[in-house]
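Okay, thanks everyone, I'll keep this short. Have a look at the structure on the screen and I'll walk you through a few parts of it.

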Amino acid sequence: MTKKKMVISQEVIVAIVLVALYLIFRLISSDFGKYTTFLSMMDISYYYVLMAIGVAFPLITGGVDLSIGTGMICYALAGGYLIRAYHCPTGLAILISVLFGVLIGLANGVLISVMGLPPFLATLCTCMITRGLGSVVTGSFAVPWPTAKQENGWFHSIFKITLENKTKLPLGLIWIILLMLIMQFVLAHTRFGRYTIAIGSNKEAAILSGINVKLYHVLVYVVSGLFAGLAAIAYAAVIKTVQPGTGAGMELDAIGGAIVGGVSASGGYGTIYGTVIGAYVIIFLKQGLPYIGFNANMQQIITGFVLIGAVTIDIIKRKVIK
Amino acid sequence: MKSFKNNPIVKKLGFNRIILFCILLLMYGVFSILIPGFAGMARIMSIFNYVYFLGFLALGVTFVIATGGIDFSIGPVMFCCALMAGYSMNTYGAPVIVSILMSIAIGLCFGTFNGYLVAFVGVPPFIVSMATMNIAKGLGSVFTQTQSVSWPQGNDPSGKGWFRGLVKIGDIPTGLILFAVAVVILFFVMNNTKAGRYILCLGSNKEAVRLSGVNVRKWQMLAYVICGTMAGIAAIFFVSAYTTVQPGLGDTYNNEAIASCVMGGTSMAGGLASIGGTVIGVFVISLLQEGIMAMRMTKEVQMIITGLIVIVFVYADVSARRRKS
Amino acid sequence: MGEVILQMKLIDKSFPGVHALDHVDFSLKRGEVHALMGENGAGKSTLMKVLTGIYTKDSGSIIFEGKEVEFHNTHHAQEAGIVIVHQELNMIGDLTVAQNIFIGREFKKGFMIDDRKMIEESKKLFNELHIDIDPRARMSDLTVGKQQMCEIAKAISHKAKVIIFDEPSAALTEKEIEDLFAIIRDLRKQNLGIIYISHRMDEIKVITDRVTVMRDGSYVGTLITNDCTKEDIINMMVGRVIYEEPKTHSMVPKDAPVVLKVEHLNAGKMVQDVSFELRKGEILGFSGLMGAGRTETARALFGADPKQGGSIYINGEKVTINSPEDAVRHGIGYLSEDRKRFGIVVQKTITENSTLAALENYMAGLFINKSAEKDVTVRYIRELDTKTPGPEQLVVNLSGGNQQKVVIAKWLVRNCDILIFDEPTRGIDVGAKNEIYKLMNRLASEGKSIIMISSEMTEILRMSDRIIVMCEGRKTGEIAIEEATQEAIMDKATRDIK
């Protein structure tokens, strides 16, 4: 029982770290406390957090999905291109973007679960493939999605609405919280979630228990792909013009967030609320460092060390428990 | 066919490597027919330029894959080495030789860092790769204040361009000679030294090797150190051929290096590695890159193709192992 | 006892290098407890794995409730009503007890898993079985014995018609075993067919109705338990195969020096204050039940696992052993019970395996001296009579006995004087077993000192000059071979179990 207490405290610690980071940044920089800063930070956060929620599932099975970053850009490019070149209705384009994500997730799942490729390798390949596909589809041109003022730009208001008195509200935060609760519920109280943990904890035993492990293992990557698809929409709503060839490295921030938030890199344990808090820690670092006079690229280095630090703590913790 | 497979010479060279070599020749033939003006020395020299740096990357990562690990931070690490060493030369006036040594040293540091984390701390290799990729990109950007770095041209008046002789002196592809020397050395390291033997054995069954009284951590770490150092050397050959490096890039080369290894018969499961196979794999990828460029297609098409190549070859390896057991 | 519920006819199964099952027959009636006996490697577990669909048989037929069946996985077998309680635990450590028991068939309330109902059902189940376990506890927090009880509860909850117990008592305390027997008697009353695999003769006499004996992958015969004696069963198990002559007295000269002295060795729960001496040319047997801490003692001594305390003296000199590297430097070699995982590098050649521990002696400058390496390998292939086409053969293609010889060669090439054999004949054919025995005796007579861990009583009594018995991580006895009997050993091996 002591183990459980320790693990719970992991998420609590990360939450404290998040608050502490916020306070430190505010103390040093007065600009950081402004509402506009908060708004722009929320804007950036949506797609990272969505990716993190999705990738938590492969991580809990002891795998990984490296294709979410470039994948997200690829799906956003595809959707935007449909609107620009074929005057596709925005709703349909969004649907296709998300379905594209599901499809790549399915491909990852089949490669890993059915064909038996190592997860990091299979998804490293789909990472390259989606990066290439995005450029090929659009002929290597940047693709702008409709702006908020344009008629077919209604999807922006999914994430941010402007009230009559010109105040902007980060509506997306509500969706993030909602999705977090739903996915936490899925992880804790449905068969899919339970078997995700079982695969990560002891795959052999899961097979012997008569679980269709292959199917659920595929589904895990489909979920990851689905959330990368949703992230694509959030990305398009915030960044407006999608550049082909970008996206590499974004998966690291999402994966880093999940691991910082207590998801075990060796599988078998993790929570979605921890993942979301962890992702916000990474985003605060990313967005906050320039406010306190650091080069924005420092964040990359720090994220790298934070990732290694979080995994090392996990390893030490497991050793101590043993 | 079977008798051909069992021929002692064929066995020695490796049936798969002979096939891969034939594919290489065939590809060259097809490109020469399809693309007017593809055949000829100019193209070959251009292919060689790609071979050098990719070759060093792939040779290095072969050792890591032989341990059953992975390192997909090598591309960004190579760029980080080239950026930091080049920036030191351009901005702080470091002599060329110092910059070259610096590049190799930075690669070595990254390799040591990765190796220590994997072998001694026990962090999974893919996590280490992800983290190092981030760190290398970030370090390259921060150090250069996010500017691209150009190494001196061959005819640079300062005389700093002499290092380009590493790749080509007049029409003599000196790079090829250096690469060949590296291949021979690493071939012997892999097959005829204690390091290679232990790396291959621990890739196959680490615990059994440890229980034989071998300090497995040390040797496992060494594989990553070799890999990092090779990335540092690759950086020199990269700038010798392509002059300019930009911060934040380099990850496309990871997959190409890994693709070269797996094509050449190095198993992702560890324990089986072929330096000769990796070399042929490097030539195939470099030829492919040149062919795709010559057909006026983008780098992105090549990413898709290398991605698919890796999937196909790793799947072949995985299913061959499944059949055996 | 009712009609026959399950019949296995002429089951045949081969693995590379081993003919695991040679046309085996077996039948089970409703309402009986049927013991399946045989030495390690006799094929009991393999037969049960064929029955439950983990392995596919090469030939033969399985008739269950009058119909021929073929299961493709354990799930199929479960659905039909055949469940197995595995010897190795098959629990998912990160889930709770209740979640484990109902995994794969969770109660649902809409989309949701009904965890509350699962906990309630688990409680009911545990009450019926008189087991005291909290269904909400995490599986990995339980002791091995309790995990085993959960596994049994899980099997019973499947509404099975046939339950297979694969050495269930190995990790249980005496009290738990009594509980288990009460459960089994209850199940028998409910007219289930029960297959009970065990090594413990006393248990067999107490709980079973019939005994089927297997030997070296073949069916030997079936007896009614009440009509036969222990000796009958043992004779059937051992057969008429001529082993190396059993030892009646120690072969070690009285004045042989002590080469290894271990004092107060402590390593985790499984090794508590273990002290012993090993003399030159001696074969020191380590006996005890599964989970008694013998392997753990060996691994701690060898530096494979960390230890909390204790001193080790080699030839009278105190040495520090913190890693296998240290142990090997001091001339200790360890032959693991699990050769494939810990002993050999299967995908490599005999040569590469033979010189693995002593590569520095086969170097010419920076390079490996491949011809010297080959010479020494060939020499040991000849000396140990390893059956292989040549030194370049991959070890994966050798039989179990020959793989074991490669491991022995590895330590001989390294010139180790102290060898730890952990279950030296596990998974090895009978003919090859005898060869390994001969080899061990020869090594001892040549002055090597051997620690032999074995779960086979016959092996212990045959090979040892002296026997140390362990129980629950402690040394509970030391018996000279002249005074050793099966009963004396068993008495000490269960001494601490309350």
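Quick bit of vocabulary before anything else: I'll say two strands pair if DSSP finds at least two bridges between them. And please keep in mind that this is a predicted model.

With that in hand, let's start in chain C, at strand β15, residues 283–287. β15(C) and strand β22, residues 449–453 of chain C, pair in the parallel sense, over four bridges. If you're looking for a landmark there, F286(C) stands opposite I453(C) in β22(C). β15(C) also pairs with strand β23, residues 466–471 of chain C, again in the parallel sense and over four bridges. On that side, S287(C) has V469(C) in β23(C) as its bridge partner.

So how many residues of β15(C) are buried? Five of its five, so the strand counts as mostly covered, given that buried here takes 20 or more other C-beta atoms within 10 Å. Look at which way they point: I283(C), G285(C) and S287(C) go one way, L284(C) and F286(C) go the other, and all are buried.

Zooming out on chain C for a second, the chain is split into domain 1, residues 4–238, and domain 2, residues 258–493. The C-alpha centres of those two domains of chain C sit 32 Å apart.

Now the contacts between chains. Where chain B touches chain C, 18 residues come from chain B and 25 residues from chain C. On the chain B side, α8 (174–192), α9 (194–204) and α10 (206–210) each put in at least two residues. By class, that side of chain B has six nonpolar, eight polar and four charged residues.

Let's stay with α9(B), which is mostly covered, with nine of its 11 residues buried. Among them are R197(B), Y198(B) and L200(B). What do the buried residues of α9(B) pack against? From chain B, they pack against α4 (41–66), α8, α10 and α11 (216–242), and from chain C, against α12 (350–354) and β20 (367–368).

Last stop, chain A against chain B: this contact takes 37 residues from chain A and 38 residues from chain B. On the chain A side, the elements giving two or more residues are α5 (119–138), α10 (250–260) and α12 (298–321) of chain A. Which of them gives the most? That's α5(A), with 13 residues. The class split for this side of chain A is 24 nonpolar, 12 polar and one charged.

That's it from me, happy to take questions.

Key:
Residues numbered from 1 in each chain as written. Chains lettered and ligands numbered in written order. Predicted model: local features only at pLDDT ≥ 70, side-chain atom pairs only at ≥ 80, totals over all residues. Domains from an automatic or database assignment. Contact = placed C-beta atoms within 7 Å. Nonpolar A, V, L, I, M, F, W, Y, C, P; charged D, E, K, R; others polar. Buried ≥ 20, exposed ≤ 12 C-beta atoms within 10 Å, placed from the backbone.
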